[in-house]
Amino acid sequence: MIAPTIHSAHETHQLLEPDWAEIIDITHEINDVSTYWLKFNDANLQANYSFQPGQFNMIYVPGFGEAAISICSNPNDHSLIGHSIRFVGNVTNAIKNLKAGDVVGLRGPFGTAWPMKELEGKDIFIACGGIGLPPLRPALYHIMQNREKFGKVTLLYGARTSNDLMYTDEYDAWRAADIDVQITVDRGDSNWTGRVGVVPMWFYQFRIDSRKTSVLTCGPEIMIRFVIFEALARRIPTENIFVSLERNMKCGQGSCGHCQLGPYFVCKDGPVFRFDALQPFFNVEEF
Ligand SMILES: Cc1cc2nc3c(=O)[nH]c(=O)nc-3n(C[C@H](O)[C@H](O)[C@H](O)COP(=O)(O)OP(=O)(O)OC[C@H]3O[C@@H](n4cnc5c(N)ncnc54)[C@H](O)[C@@H]3O)c2cc1C
């Protein structure tokens, strides 16, 4: 059992109080998802802000509340902080109504990160679906900037249709950095000549050296479960499988229990977990 971190009243206040950031630009990605490029009003804060691939911020809209949103921008670019946001509910629909020049509250970065140091020297297989790609994009940028430190890198990304694929204008740059980008859609149409089928189904088809491959996965929980199922069937050790969970959360700092999974708080102990830690509470044979 992992004991929750106890914060002093002063620390808790600091953790709960957002700093203000301006929306500098908004990029339309796909239906109901846009990327918001933010910059802290305080130039010092902006210059000193840093995060690791896989971490998230809490974005606050006065009068509506806060939502946990992964950071999807380049960890080495300190000019703007990017968040790709799907408009699903109270806070995210309030964000949809904001425009460049408006201000939001920002707390973070929070949570665990993809273990980029530990992955050095290994082959990496990234299997993700839908809005599971944004928290992995900083990892892709990191790999591109340190390409010689990693072995074979494969990205298998799936979406419902070709119109739901995110960041399509970046795939060529990722491929140019020797990342094997493989795309699949659940449903093809007359314009789609690529793979059709869900991510776990195609994952099964790839040649993987299980002795030196680590798997990173994020997306709908059902997809994650099947990816892990396939990875275990390929004899990839549980300690080489990393999962990012986007469970519903409220406080972002391990106080409220909204995102609890067994002994873990996803906001504080996650969102990135090594699967051996998660396995007893995330049964892949449950489906
Ligand atoms: C670590 C982490 C990272 C995240 N990163 C992103 C991101 O990069 N982009 C993004 O768009 N969203 C992300 N999310 C999800 C986002 O935080 C939720 O969708 C959030 O609830 C939206 O707030 P809202 O007030 O707009 O929706 P709400 O009004 O809270 O909820 C709308 C509906 O969505 C359901 N719901 C909310 N959150 C979840 C969830 N996590 N899983 C399943 N159902 C849920 C609710 O039950 C409700 O039906 C992330 C979540 C976590 C925990």
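**Sheets, domains and hollows**

Tutor: Let's start with helix 5 (residues 137-145), which lies across strand 7 (123-129), strand 8 (153-159) and strand 9, at about 155° to strand 9. Helix 8 (residues 221-233) packs on the sheet too, touching strand 7, strand 11 (213-218) and strand 12 (241-244), and its direction makes about 165° with that of strand 11. This is a predicted model, where local features need pLDDT of at least 70 and side-chain atom pairs count only at pLDDT 80 or more, while totals for chains, interfaces and linings use all residues. Residues are numbered from 1 along each chain as its sequence is written, and side-chain values use heavy atoms, with hydrogens and water left out.

Student: What makes 221-233 a helix, and what does the angle of about 165° compare?

Tutor: Helices (H or I, at least four residues) and strands (E, at least two) are DSSP runs, numbered from the N terminus. Helix 8 is such a run, at 221-233. Angles run from 0 to 180 degrees between N-to-C directions, with axes fitted to C-alpha atoms, for helices over the stretch in contact (heavy atoms within 4.5 Å). The value for helix 8 and strand 11 is about 165°.

Student: Why are strand 10 and strand 15 called edges?

Tutor: Look at the order first: seven strands form an open sheet, 10-9-8-7-11-12-15, with mixed pairing. Strand 10 (195-196) and strand 15 (272-274) each have a single partner strand, so one side of each has no neighbour in the sheet.

Student: How do you know that strand 9 and strand 10 pair?

Tutor: Two strands pair if DSSP finds at least two bridges between them. Strand 9 (residues 179-185) and strand 10 have two, in the parallel sense, so they count as a pair. Within strand 10, V196 stands opposite V185.

Student: What is the strand order of the six-strand sheet?

Tutor: That open sheet runs 4-3-6-1-2-5, with antiparallel pairing. Strand 4 (65-70) and strand 5 (81-86) stand at its edges, each with a single partner strand, so one side of each is left free of a neighbour in the sheet. On average, neighbouring strands here are turned by 40° against each other, direction ignored. Strand 2 (residues 33-40) pairs with strand 5 in the antiparallel sense over six bridges; Y36 has H83 in strand 5 as its bridge partner.

Student: Where are the domains, and how many residues does each give to their contact?

Tutor: The bounds come from an automatic or database domain assignment, which gives domain 1 (19-110) and domain 2 (116-244). Their centres, taken over C-alpha atoms, are 24 Å apart. The contact takes 17 residues from domain 1 and 16 from domain 2.

Student: What makes a hollow a cavity, and how many of 30 Å³ or more are there?

Tutor: On a 1 Å grid over the protein atoms alone, a cavity is a set of points where a 1.4 Å probe fits but cannot get out; a pocket is an open set with protein on both sides within 12 Å along at least five of seven lines; lining residues have an atom within 4 Å of a point. Grid points join across faces, edges and corners, and a volume is the space filled by probe spheres set on them. One cavity of 30 Å³ or more turns up in the whole structure. The largest cavity has about 40 Å³ and is lined by Q46, Y49, F51, D77, H78, L80 and I81.

Student: What lines the second largest pocket?

Tutor: This pocket has a volume of about 500 Å³. Of its 25 lining residues, G129, G130, G219, P220 and M223 are closest to the centre. Strand 8, helix 7 (199-203) and helix 8 each give two or more residues, and helix 8 gives the most, with five.

Student: Where is the cis peptide bond at P109, and where is D32?

Tutor: The cis bond joins G108 and P109, with omega about 5°, and P109 sits in strand 6 (residues 103-110). D32 is in the loop between strand 1 (19-30) and strand 2. Its phi is positive, about 70°, although D32 is not a glycine. Most residues other than glycine have a negative phi, and most peptide bonds are trans.
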